[in-house]
Amino acid sequence: MLTMLKAIRTLLGYVVCGLLFIAPLIILSLFALFGSNWAFNSLYSIDITICSICHGTMLESISARSYRLRHDPRYHTQMVIIDLLAKPFDGDNHCKRAHKWESKVITAVKSDA
């Protein structure tokens with residue numbers, strides 16, 4: 001029962017945040033599809049913000065979190081869906097690569113603090 005409540009809370013958090021950021025997500029996605037680094041970086045920042053709001057994480061994207069917690073069935077499913085959606089833009093294993101890169105960044109930031 002507790003797992004179901006956590007999954008609902010997470011999903012609700014993603015939906016609420018998505019609704020708050022829907023206009024910027026659409027506009028930035030269009031620019032990113034045409035190769036704008038500014039738009040891609042802005043989308044990435046929104047991703048990290050949503051993950052932080054929903055999970056209290058620091059500098060972790062939804063993709064990296066999904067990979068890190070892939071042993072949990074709900075995050076494994078989330079990871080598979082994200083990898084499928086990201087494949088045309090970012091190739092295979094998007095979540096794994098996001099986790100690998102972000103782990104280095106988070107470790108560096110924590111060691112500087």
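## Leucine 59 in the loop between α3 and α4

In this predicted model, leucine 59 lies in the loop that separates α3 from α4, where helices are DSSP runs of H or I with at least four residues, numbered from the N terminus. Leucine 59 has a positive phi of about 60° although it is not a glycine, and its relative accessible area of 32% makes it partly exposed, a class that falls between buried (under 20%) and exposed (over 50%), with a 1.4 Å probe and protein chains only. Most residues other than glycine have a negative phi.

## Asparagine 93 before α6

Asparagine 93 is also not a glycine, yet has a positive phi of about 55°; it sits in the loop between α5 and α6 (94-112). With a relative accessibility of 47%, asparagine 93 is partly exposed.

## The nonpolar core and cysteine 95

The largest nonpolar core, meaning a set of buried Ala, Val, Leu, Ile, Met, Phe, Trp, Tyr and Cys residues joined through side-chain atoms within 4.5 Å, has 14 residues. Those with the most contacts inside this core are Tyr14, Leu28, Ile50, Cys54, Ile62 and Cys95. At least two core residues come from each of α1 (2-20), α3 (37-55), α4 (62-68) and α5 (73-90), and α3 gives the most, with 6 residues.

Leaving aside residues up to four places away in sequence, cysteine 95 touches Ser63, Ala64, Tyr67, Met79, Ile82 and Asp83, a contact being heavy atoms within 4.5 Å.

## Basis of the values

Residues are numbered from 1 along each chain as its sequence is written, and side-chain values use heavy atoms, with hydrogens and water left out. Local features need pLDDT of at least 70 and side-chain atom pairs count only at pLDDT 80 or more, whereas totals for chains, interfaces and linings use all residues.
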